[in-house]
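This briefing introduces one protein model to a reader who has not met it before. Please look over the sequence and the structure before reading on.

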Amino acid sequence: MFYWALLYFSFNLGHTVPNFKPIYCQSYKIGFVSNKVEQELLAAEEVFVIHSDKIDICPGLKSYEDISEKVGSFLDNLKKKDVFNCLNGWRIETFDIRPALGQLPLFAMERSAIPLFGFLSYGIDINAYVVNEDGSISIWLQRRALTKSIDPGKLDSFVSSACHLNFWL
């Protein structure tokens with residue numbers, strides 16, 4: 001949680017985060033990459049240009065489709081290497097990567113890879129409660145299926161969904 005708080009403040013206040021490098025696409029700062037992820041990006045010079053202070057995704061490309069294809073191809077290869085556990089939750093579900101909520105997407109990528117890049121993603125959670133006869137409150141929760149790739153068997157929101165592909169809040 002600590003690193004996510006640092007990343008949030010870095011996005012909004014422009015601070016740097018130790019052991020993370022900002023990642024840009026079309027001059028927009030869209031995420032942060034750890035040193036471990038950066039090492040994997042070194043082999044994909046046609047997709048990622050690594051500088052001493054930042055990483056650029058597909059510099060020179062402007063097309064949503066072209067950038068999505070290049071990033072997708074890299075992620076397919078990275079998944080096969082089995083380096084990052086989050087890719088074991090591969091869903092064949094893409095999310096639009098945007099500079100900010102409400103802005104046009106720059107490209108799309110596999111949902112399970114988003115945490116590797118510190119990209120913003122959006123979701124909706126609905127929580128339900130009832131007021132009991134004695135005035136106490138009971139919250140309705142669900143337990144995630146044991147077959148889920150993320151947090152199996154843990155308590156979860158009453159209803160939740162990710163927002164992706166042209167979904168606007």
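Which residue in β2 does Cys-25 stand opposite? The partner of Cys-25 is Tyr-28 in β2. The model is predicted, and for that reason local features need pLDDT of at least 70 and side-chain atom pairs count only at pLDDT 80 or more, whereas totals for chains, interfaces and linings use all residues. Residues are numbered from 1 along each chain as its sequence is written, and side-chain values use heavy atoms, with hydrogens and water left out.

**Overall make-up**
- The protein has 4 helices and 12 strands, where helices (H or I, at least four residues) and strands (E, at least two) are DSSP runs numbered from the N terminus.
- Of the 169 residues in the protein, 34% are buried, a term that stands for under 20% relative accessible area, with exposed meaning over 50% and partly exposed in between (1.4 Å probe, protein chains only).

**A sheet of four strands**
- An open sheet is formed by 4 strands in the order β2-β1-β4-β3, with mixed pairing; two strands pair if DSSP finds at least two bridges between them.
- The edge strands, each pairing on one side only, are β2 (28-34) and β3 (48-50).
- Strand β1 (residues 20-25) runs antiparallel to β2 and is joined to β2 by 6 bridges.

**The hairpin of β8 and β9**
- Strand β8 (residues 128-131) pairs with strand β9 (residues 137-140) in the antiparallel sense over 4 bridges, and Tyr-129 stands opposite Ile-139 in β9.
- This hairpin has 5 residues between the strands, and Gly-135 takes a positive phi near 90 degrees there.

**Helix α3 and the second largest pocket**
- The second largest pocket has a volume of about 170 Å³; a pocket is an open set of points on a 1 Å grid over the protein atoms alone, where a 1.4 Å probe fits, with protein on both sides within 12 Å along at least five of seven lines, and lining residues have an atom within 4 Å of a point. The volume is the space filled by probe spheres set on the points, which are joined across faces, edges and corners.
- Helix α3 (residues 64-81) gives the most to this lining, with 7 residues, and the lining as a whole includes Glu-40, Val-47, Phe-74 and Lys-81.
- Asp-66 lies in helix α3 and counts as partly exposed because its relative accessibility is 40%.
- The C-alpha atoms of Asp-66 and Phe-107 are separated by 8.2 Å, although these residues are 41 residues apart along the chain.
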